[in-house]
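I wanted to look up how the ligand is held and which backbone features stand out, and I kept the entries in the order in which I checked them.

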Amino acid sequence: MSPLNGARMLGLGVYRPARVVTNDEIAQRVDTSDEWVRSRTGIATRRIADEEETTVAMGAAAAEKALAAAGLTADTIDLVIGATCTSPSQIPGAGPQIAHRIGAGQAGAFDINGACAGFSYAVSTAADMVRAGSVRHVLVVATERLSDYTDWDDRGTCILLADGAGATVIGAAETDEIGPAVWGHDGSRPEVIRVPGYGDNMFRMEGQAVFRWAISLVPTVRQICERAGVAPDELAGIVPHQANLRIVEALAAGIGATNAAVARDVVDSGNTSAASIPLGLARLLDTGVIRRGDPVLLFGFGAGLTYCGQVVRCP
Ligand code: COA
């Protein structure tokens, strides 16, 4: 038997809050319209969590589904990584609380705050730990409650932000199914996307600057394919962070992913930060346009200005 030197996603699970908020509902509070929001962002609706749907509760629900999909129980998990920038408290993080809630009593637990790139950073970290042999199974849980940081009177941001969670179990495999990560940052521009704190605990953003920066990442996305040894036209799917439909489509078109199904979950789910990639991936799998084993490009980008992506084989 071959040694298990590779890593792969063994299962995926997501949680979408029950409450759907339309653009018309937002337009009752701020000066905007369904037509404006759809044409500038592609967003038609978003999910907003209720009081019970905390970052931890949503993450645990997604984690349990990922475990079930992987055919594993919580006691086989060695490590839980929370990928979140909206932990219910600064201290402690969400990871240990999620691990406790699902009964992963043997697991280590911590958070990665890579903002909207958090899921890809966590997947890369988990895969490297599995390949190194220091853990058998890692649960990566991306969970966000951006509504806690939304200024519902700021029409430039409240139209975008949303809540939700997605999780995957990463374990050992004979063949490596998680490609090398390509990542980077521009930490010289913290003001472009931020939650300032010190009297203003709301999400603030320079929309046009973010838009221009995101579109400029096309060569980086190409590099992810090169490092994985997969040509863009060989991709079955592409799941960029679901920030804005125009950005998603520009990135997919820019690299020439001509045969790939493009995740457009942002249309129904809004921008859920780190959770948006697993939510988008799950939507593509659920609709049957991609299948287990297909090569799919994941690419997160956001505050910091951090980015990270990899090509993975679908769970
Ligand atoms: N409805 C109606 N008008 C709006 C509006 C809204 N929801 N939001 C902004 N506007 C107005 C502005 O006030 C401005 O009006 P003015 O010309 O009278 O001053 C005008 O629209 C243009 O503003 P601007 O910010 O330049 O709009 P835009 O075309 O850049 O669209 C975003 C704004 C936020 C939709 C867009 O910049 C965007 O999507 N950026 C990327 C954001 C993103 O993806 N962030 C997450 C990254 S992780």
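The entries below go from the ligand and its surroundings to two points in the backbone.

Entry 1, basis. I am working with a predicted model, in which local features need pLDDT of at least 70 and side-chain atom pairs count only at pLDDT 80 or more, while totals for chains, interfaces and linings use all residues. Residues are numbered from 1 along each chain as its sequence is written, and side-chain values use heavy atoms, with hydrogens and water left out.

Entry 2, the shell. I counted a residue as near the ligand if one of its heavy atoms lies within 4 Å of it; there are 22 residues around the ligand, and Thr32, Arg40, Arg155, Gln208 and Asn244 come nearest. By class, I found ten nonpolar, nine polar and three charged residues in this shell, where Ala, Val, Leu, Ile, Met, Phe, Trp, Tyr, Cys and Pro count as nonpolar, Asp, Glu, Lys and Arg as charged, and the others, Gly among them, as polar.

Entry 3, where the shell comes from. I took helices (H or I, at least four residues) and strands (E, at least two) as DSSP runs, numbered from the N terminus. At least two shell residues come from each of α2 (34–41), α6 (207–215) and β13 (295–302), and α6 gives the largest share, with four. Domain 1 (6–173) and domain 2 (182–313) each contribute at least three residues, the bounds being those of an automatic or database domain assignment.

Entry 4, polar contacts. I looked for pairs of N or O atoms within 3.5 Å. A side-chain N or O atom of arginine 40 is 2.6 Å from a ligand oxygen, and a polar side-chain atom of asparagine 244 lies 2.5 Å from an oxygen atom of the ligand. At glycine 207 I noted a backbone N or O atom 3.0 Å from a ligand nitrogen.

Entry 5, backbone. I found a cis peptide bond between isoleucine 91 and proline 92, with omega about 0°; proline 92 lies in the loop between β4 (79–83) and α4 (94–102). Alanine 115, although not a glycine, has a positive phi of about 50°, and its place is the loop between β5 (108–112) and α5 (118–132).

Technical notes: A polar contact is a pair of N or O atoms within 3.5 Å; within protein, one must be able to donate a hydrogen and the other to accept it, and residues adjacent in sequence count only if both atoms are side-chain atoms.
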